[in-house]
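Let's take a walk through this model together. Keep the sequence and the 3D view side by side as we go.

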Amino acid sequence: MQIKSARVIVTCPGRNFVTLKIEVEGGLTGIGDATLNGRELSVVSYLEDHVCPALIGKDARRIEDIWQFLYRGAYWRRGPVTMRAIAAVDVALWDIKAKAAKMPLYDLLGGKSRDRVMVYGHANGGDIDETVDAVGRYIEMGYKAIRAQTGIPGVKGAYGVGRGDLYYEPADAALPSETLWNTTSYLDYAPKLFEALRDRFGFDHHLLHDVHHRLTPIEAARLGKSLEPARLFWMEDCTPAENQEAFRLVRQHTVTPLAVGEIFNTIWDCKDLIGEQLIDYIRATIVGAGGVTGLRRIADYAAIYQVRTGCHGATDLSPVTLGTAVHFDSWVPNFGIQEYMRHTPETDAVFPHNYAFEDGYLLVGETPGHGVDIDEEEAAKYPYKPMQLPVARLEDGTMWNW
Ligand code: CS2
Ligand code: MG
């Protein structure tokens, strides 16, 4: 089953997506997502200039060998650009293998471990009252788990406050826009949101919160402690995780469950976090962590330590990643939850797919492959637009973690 062509398709139906399409002799095709929010064209070049030419003529059935060829063979290991390119190839090849086997991807991975995949949606508002109302709307839509983020009065552009209810999208300008951060106001305000949410809705729904790397370890420990009465499903990215040891300090102070890993690329980024049981959920995802092959390694390792998966699923992860994730989630024994931010109708039209939301869960499709396609005519209507993520500064002008 020789690879005949490998092409990159860039489209911007509201936001940029990079997709790799591989065709093998006999005509079967598969697609993989290679989108890196705000840095899309670097992956396009990595694929077009360095990876695609080397794929031609290779046996598409040898997914593991091709993964190793691209990982070890580059010499320059890891990193978001390399690992997204590898993910795109890997997912396209799994798609082809599953189509050739006439099986939905989850079957090829070992079959379903569950019937449906619990997801969490994003509720946000400019202040506590607005966010409480937004959570109410998510509950009405059937969500069992909801991430809640609130603006902070006096703090311009606090993380997670979107434009619109369903389609939160942070990459908002050709050059990074500036937001403000104030840790003192946040540490004071955020716990009040969760108190208000539990007062209003009780404890029947899972609540999640994303700190988005804004705190130091001791501040994160304090927030974790103050959120304990709200019994969160998780507190996410409470402090930057380049230094995995930082989580020891957080962990020893709080029983609020910890999630981390949406920016991780490989198992090495979370080796100690998992091995020392410093986290509860690993957020690495298909496109970020080298495809199905890379993520499966992380998930199997995590299972030994009772760490469960919680795949990143923001809108910058294309429907191809989401669709593949739903297959992965249906199979993976140590599944925790799946993030689900809806794509716009334009994006859904570019990427026809067969996963479906029902009553707080995503249902996996039954067609062979990962169940997501790209309509190239539709994609061509939306040319690439330069868009970058914002940056954050403290009030005195110091750069902070966005
Ligand atoms: C966020 C993301 O989904 C999440 O948990 O942290 O929205 C993140 O900001 C974006 O994926 C960045 O591209
Ligand atoms: Mg996050």
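In which helix does Asp-300 lie? Before settling that, keep in mind that what you see is a predicted model. Asp-300 belongs to helix 10, which covers residues 291-304. With a relative accessible area of 41%, Asp-300 counts as partly exposed. Look across to Asn-334, which is 34 residues away along the chain: its C-alpha atom and that of Asp-300 are separated by 8.1 Å.

Now go back to the start of the chain. Three strands make an open sheet here, in the order 1-2-3, with antiparallel pairing. Strand 1 (3-11) and strand 3 (29-33) are the edge strands, and each has a single partner, so one side of each is left without a neighbour in the sheet. From one strand to the next, the twist averages 20°. Between strand 2 (residues 17-24) and strand 3, the antiparallel pairing runs over five bridges. If you want a place to put your finger, take Lys-21, whose bridge partner in strand 3 is Ile-31. Helix 3, spanning residues 80-100, packs on this sheet and touches strand 1, strand 2 and strand 3. The direction of helix 3 makes about 150° with that of strand 3.

Strand 6 gives you another kind of pairing. It runs parallel to strand 15 (residues 391-394), and four bridges join the two. Here Leu-180 stands opposite Arg-393 of strand 15. Follow the side chains along strand 6 and you'll see them alternate: Thr-179 and Trp-181 point to one face and are buried, while Glu-178 and Leu-180 point to the other and are not. That fits the general picture, because in a regular strand the side chains alternate between the two faces of the sheet.

Next, the metal. Which residues are the protein donors of the magnesium ion (ligand 2)? They are Asp-210 (OD), Glu-236 (OE) and Glu-262 (OE), at 2.0 to 2.2 Å from the ion. Read along the sequence, the donor residues are spaced D-x25-E-x25-E. Asp-210 and Glu-262 link distant parts of the chain, being 52 residues apart. Asp-210 sits in strand 7 (residues 206-210), whereas Glu-262 is in the loop between strand 9 (258-260) and helix 9 (271-275). Both are buried: the relative accessible area is 2% for Asp-210 and 12% for Glu-262.

Finally, have a look at the rings. A search of the whole structure turns up 14 aromatic pairs. One of them is Tyr-159 with Trp-402: their ring centres are 5.6 Å apart and their planes stand at 80°, so this pair is edge-to-face. Tyr-159 comes from the loop between strand 5 (145-150) and strand 6 (178-181), and Trp-402 from the segment after strand 16 (399-400), so the pair ties together parts that are 243 residues apart in sequence. Buried or exposed, then, for Tyr-159? Tyr-159 is buried, at a relative accessible area of 9%, and Trp-402 counts as buried too, at 18%. Elsewhere, ring pairs link Tyr-120, Phe-233, Trp-234 and Tyr-281 into a cluster.

Charges sit over rings as well. Lys-58 lies over the face of Phe-69, 4.0 Å from the ring centre. Arg-342 does likewise with Phe-357, lying over its face at 4.7 Å from the ring centre.

Note on methods
Residues numbered from 1 in each chain as written. Chains lettered and ligands numbered in written order. Predicted model: local features only at pLDDT ≥ 70, side-chain atom pairs only at ≥ 80, totals over all residues. Heavy atoms only, no water. Pairing = 2+ DSSP bridges. Axes fitted to C-alpha atoms, helices over the stretch in contact; angles between N-to-C directions. Contact = heavy atoms within 4.5 Å. Donors = N, O, S within 2.8 Å, 3.2 Å for Na, K, Ca; no water. Buried < 20%, exposed > 50% of the residue type's maximum accessible area, 1.4 Å probe, protein only. Phe/Tyr/Trp six-rings, centres within 6.5 Å; stacked < 30°, edge-to-face > 60°. Lys NZ or Arg CZ within 6 Å of the ring centre and 35° of its normal.
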